[in-house]
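Please examine the sequence and the three-dimensional view below before reading on. The report that follows discusses salt bridges, the sheet, the helices and the largest pocket.

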Amino acid sequence: RLSAKSSAGEAVALGVLGTGDWMGELSLLKQGPRMCSATAVSVVDALELRAADFQRLLNTKPQACAKLLMRIATTFGDKVRDNGGTLKSLVGRV
């Protein structure tokens, strides 16, 4: 389950991930505070790709990384489009 804090400090539900979904992909590109929190609501098998590992992979397999980056950008754009209303409530804008 994904959630974030509103400007009033209340938890706002953002959605639920399922099999094959991913999260935290933007941390491969930029370090800093995360946009939301994830809480497991069932047993989870997870794979972690650290930013340092991604940087090493970028040097050895740049084509694979380019494909991954395109997928990240496309998926992020879809998430923003699909969750526009929730994002507006988080930043306190109408």
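In this predicted model, R81 counts as exposed, at 58% relative accessibility. R81 is one partner of a salt bridge, the other being D78, and the closest N and O atoms of the two are 3.2 Å apart. D78 is partly exposed, with a relative accessible area of 32%. Because the class of exposed residues begins over 50%, R81 at 58% belongs to it, whereas D78 at 32% falls into the class in between. Both residues lie in helix α2, which covers residues 62-82, and they are three residues apart, about one turn of the helix.

How many salt bridges does the model contain? The count comes to three, and the table lists them with the separation of their closest N and O atoms.

| Acidic residue | Basic residue | Closest N and O atoms |
|---|---|---|
| E48 | R50 | 3.7 Å |
| D53 | R56 | 2.3 Å |
| D78 | R81 | 3.2 Å |

The pair D53 and R56 lies in helix α1, which covers residues 51-60. These two residues are three residues apart, about one turn of the helix. D53 is partly exposed, with a relative accessible area of 31%. In the pair of E48 and R50, are the residues buried or exposed? E48 counts as exposed, at 56% relative accessibility, and R50 is exposed as well, with a relative accessible area of 52%.

**Overall arrangement**

The secondary structure of the chain comprises three helices and three strands. Followed along the sequence, these elements give the pattern β-β-β-α-α-α. The chain has 94 residues, of which 12% are buried.

**The sheet**

In a sheet, strands pair through backbone hydrogen bonds, and the pairing may be parallel or antiparallel. Here three strands form an open sheet in the order β2-β1-β3, with antiparallel pairing. The edge strands are β2, residues 11-15, and β3, residues 37-38, each of which pairs on one side only.

Strand β1, residues 2-5, is joined to β3 by two bridges. In these contacts L2 has A38 of β3 as its bridge partner, and S3 has S37 of β3. Strand β1 is joined to β2 by four bridges, and these two strands run antiparallel. On this side S3 has A13 of β2 as its bridge partner, while K5 stands opposite A11 in β2. S3 therefore has a bridge partner in each of the strands β2 and β3. The hairpin of β1 and β2 has five residues between the strands, and in this hairpin G9 takes a positive phi near 85°.

In a regular strand, the side chains alternate between the two faces of the sheet. Which residues of β1 point to the buried face? The side chains of L2 and A4 point to one face and are buried, while those of S3 and K5 point to the other and are not buried.

**The largest pocket**

Where empty space is left can be shown by rolling a probe the size of a water molecule over the atoms. The largest pocket holds about 990 Å³ of space. It is lined by 31 residues, and the closest to its centre are D21, W22, M23, A46 and L47. By class, the lining of the largest pocket consists of 17 nonpolar, seven polar and seven charged residues.

**Confidence of the model**

The mean pLDDT of the chain is 84, and 88% of the residues reach 70 or more. Where in the chain is confidence lowest, and where is it highest? The lowest confidence is found in helix α3, residues 84-91, with a mean of 59, and the highest is found in α1, with a mean of 92. Helix α1, which has this highest confidence, also contains the salt bridge partners D53 and R56.

Key:
Residues are numbered from 1 along each chain as its sequence is written. This is a predicted model: local features need pLDDT of at least 70, side-chain atom pairs count only at pLDDT 80 or more; totals for chains, interfaces and linings use all residues. Side-chain values use heavy atoms; hydrogens and water are left out. On a 1 Å grid over the protein atoms alone, a cavity is a set of points where a 1.4 Å probe fits but cannot get out, and a pocket is an open set with protein on both sides within 12 Å along at least five of seven lines; lining residues have an atom within 4 Å of a point. Grid points are joined across faces, edges and corners, and a volume is the space filled by probe spheres set on the points. Ala, Val, Leu, Ile, Met, Phe, Trp, Tyr, Cys and Pro count as nonpolar, Asp, Glu, Lys and Arg as charged, and the others, Gly among them, as polar. A salt bridge is a side-chain nitrogen of Lys or Arg within 4 Å of a carboxyl oxygen of Asp or Glu. Buried means under 20% relative accessible area, exposed over 50%, partly exposed in between (1.4 Å probe, protein chains only). pLDDT is the predictor's confidence in each residue, from 0 to 100.
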